[in-house]
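Reader: I've got a model open and I'd like to learn how to read it. Can you walk me through a few features?

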Amino acid sequence: MSDVQKPDTEKATTGTGAAAGSAGADEKFLSVRDLRIHFDTDDGLVKSVDGVSFDLKAGQTLGIVGESGSGKSVTSLGIMGLHNSERARISGEIWLDGEELIGAGTERVRKLRGQKMAMIFQDPLSALHPYYSIGAQIVEAYRVHNAVDKKTAKKRAVEMLDRVGIPEPARRYDDYPHQFSGGMRQRAMIAMALVNNPQLLIADEPTTALDVTVQAQILDLIRDLQKEFHSAVVIITHDLGVVAEIADELLVMYAGRCIERGSAEKVFYRPQHPYTWGLLGSMPRIDREQTDRLVPVKGTPPSLINVPSGCAFHPRCPYADVPKDNITRTERPELRQITDGHFSACHMTPAERERIWTEEIAPKL
Amino acid sequence: MTDLSKEIPEQGAGQGPDGADGPAPEPLLKVTGLVKHFPITKGVLKRKVGAVQAVDGLTFDVRPGETLGVVGESGCGKSTMGRLITRLLEPTGGKVEFEGRDITHLSTGAMRPMRRDVQMIFQDPYGSLNPRHTIGGIVGTPFKLQGIQPEGGVKKEVQRLLELVGLSPEHYNRYPHEFSGGQRQRIGIARALALNPKLVVADEPVSALDVSIQAQVVNLLDDLQKELGLTYVIIAHDLSVIRHVSDRIAVMYLGKIVELADRTSLYESPKHPYTKALLSAVPVPDPSRRGGKSDRILLKGDVPSPIKPPSGCRFHTRCWKATEVCRTTEPPLIQLAPGHQAACHHPENVPDQSAQTAAVTGGASEAGTTK
């Protein structure tokens, strides 16, 4: 590992990159620095991800939350190196266990993908190949990275199916995806993702297509497997309930940028961005007294081709006029640290936010 | 707004004569033993080899002005139920009465005048709007189909409807692709409201929308109900949304209602183990509850196939309280508390307020232990 990391650390001249690289597995297992992923389209440049940074330690779970089009899936595909390099313009740094991925080249990333990092997708029916049996697909994923014979691979696949809770794994091994129910397919996909013991698991809306009872099973499974393998998990979802269940750290995205980041406790109990307030106010809560009305965010998410000037959230923000001199419309707010490890990109002063939160927002939640 | 105020008293008057043949709140919609089996055929001769028992004996009322929430997992038959009560599907058995009139087997032609009173909002705001029609055309179609000439003309009325659902009247000539998901859902709502219906059946009206937009549409449905005196049947899988919008809630499992109760009663003291498990599985946006596995009931496995539903109580294969009687005898949907019905041999939170309910439930659990 160390000989791989050396040239990369030298290449990376920025302090953050070097720090992330040398820190290694025990500290930051995954480190993303100023990631930008832009797409050229006929209508203009789409800035799907525009400067996202975060760190993740092994054994920890990061939840990325945002609405559709906020760039959360594009970020995860970027980490996995799954964007078409001709269509996507990617810049920034992605450090995985001391190795930089953006400059690493397709071949190297392909080696790591499926072995060191794996991904599970939202829709298991389209992520699994309908023509091959579940077992064959898991065996393939295993044999790509391990020089073993078919028999050993099959043994491993059955073992994985058993581990993710598929009943009679040896018999179900020969079944095709259509013979599995939605929850079982998601389990099979998790089995496939984990067959090589990856240290990083990215789950993109892993439970959105599932029923609540099955969702609870899958979240439990991910949590157990993470404990067992001490892997880092990135979970992408629009459901604040799901992240609260499973994530240690949270990253809230809006229009391709991170607008708030911090521990789950801080973001849920002391959110520091009006958009996060809006998300919390939009949710009917089953654990609270019945409220008469929800407090939605007005308007709709912006187009990524015409991102509003200044703070991208200002057209929908009820407090856009709190900071002076029209600054919300002219200047893009930087992500600033408020308390230890809690960041927010908002022009309001911490005192202003504190006042609005305690007086106006918290009582209504 | 003018023709609206004219319609509302008429609606109220319409309920007058029906009120004669029933107890206090005359139901707007009365469903008795509703059954829908989709045949499974095989071979060239389309021999019937089985049936998907999508809906298998539902009995419930919808009272005027209320919101009945229907919740359940995928495949429990909630959408089929919605299509049966709007008569988009022909029931296999049972009876559907709207304002005291039997509409179970009305022909398409005979149903048409009824369609004014019963409308539907669909889940997918992309699939439910014809991409080649303008918004004006889509929202104006109900008037054309029903041969109604609203006061001031169709265009004026459509623009009023667009404003009512929070869109701009200038959107009249635009096409569906120019709108976001939330706006499209508003268009679907405007179309459903065009003929001033009495009952609106909404099948997962917000599940395709983002959280912030979801709240906007939920609030809109709420406002419209207050303003127009609508009655809703809202079908959804999201228990938090259902709790927010409903007055009464029916929980479905494999084609049957397993519990039917007032909102507070259902969420505070669920009687059916399935309801309890369902409620405990809802992820709560509060990190302090993380890892608190103790109060979560994890159901094993998946929902069984509705082609071969389990014998007796359909939930017994996944129920932690199941006994022999559950495997052999189907529990009837009985009243366990005022306004709270459940179909279970071993209900949770059994109340002992009245001797009658205690006797009923006591009998059920006794039967369970003796067998």
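Reader: Let's start with the surface. How much area does chain A expose, and what share of it do carbon and sulfur atoms supply?

Author: Keep in mind that this is a predicted model. Chain A exposes about 15,900 Å², and carbon and sulfur atoms supply 50% of that area.

Reader: What percentage of the residues of chain A count as buried?

Author: Of its 365 residues, 54% count as buried. As for secondary structure, chain A has 15 helices and 12 strands. Among its contacts with a separation of 6 or more, 65% are between residues 24 or more positions apart.

Reader: Now helix packing. At what angle do the axes of α6(B) and α7(B) cross?

Author: In general, two packed helices are described by the angle between their axes and the distance between the axes. Here, helix α6 (residues 181-193) of chain B and helix α7 (residues 211-228) of chain B cross at roughly 20 degrees, with axes that come within 10 Å. Angles under 35 degrees count as roughly parallel, so that is what α6(B) is to α7(B). Their crossing is right-handed.

Reader: Which residues make the contact?

Author: From α6(B) they include Ile189(B) and Leu193(B), and from α7(B) they include Val217(B) and Leu220(B). The residues of this contact divide into eight nonpolar, three polar and one charged.

Reader: One last residue: is Asp56(B) buried or exposed?

Author: Buried means under 20% relative accessible area; Asp56(B) has 15%, so it is buried. Asp56(B) sits in strand β2 (residues 47-62) of chain B. Leaving aside residues up to four places away in sequence, Asp56(B) touches Leu34(B), Val35(B), His37(B), Gly255(B), Lys256(B) and Arg314(B).

Key. Residues are numbered from 1 along each chain as its sequence is written. Chains are lettered from A and ligands numbered from 1 in the order in which they are written. This is a predicted model: local features need pLDDT of at least 70, side-chain atom pairs count only at pLDDT 80 or more; totals for chains, interfaces and linings use all residues. Side-chain values use heavy atoms; hydrogens and water are left out. Helices (H or I, at least four residues) and strands (E, at least two) are DSSP runs, numbered from the N terminus. Buried means under 20% relative accessible area, exposed over 50%, partly exposed in between (1.4 Å probe, protein chains only). Contact means heavy atoms within 4.5 Å. Accessible areas come from the Shrake-Rupley method with a 1.4 Å probe; for residues, only the protein chains shown count as cover. Axes are lines fitted to C-alpha atoms, for helices over the stretch in contact, and angles run from 0 to 180 degrees between N-to-C directions. Angles under 35 degrees count as roughly parallel, over 145 as roughly antiparallel, 65 to 115 as roughly perpendicular and the rest as oblique. A crossing is left-handed if the near helix is turned anticlockwise from the far one by less than a right angle, and right-handed if clockwise. Ala, Val, Leu, Ile, Met, Phe, Trp, Tyr, Cys and Pro count as nonpolar, Asp, Glu, Lys and Arg as charged, and the others, Gly among them, as polar.
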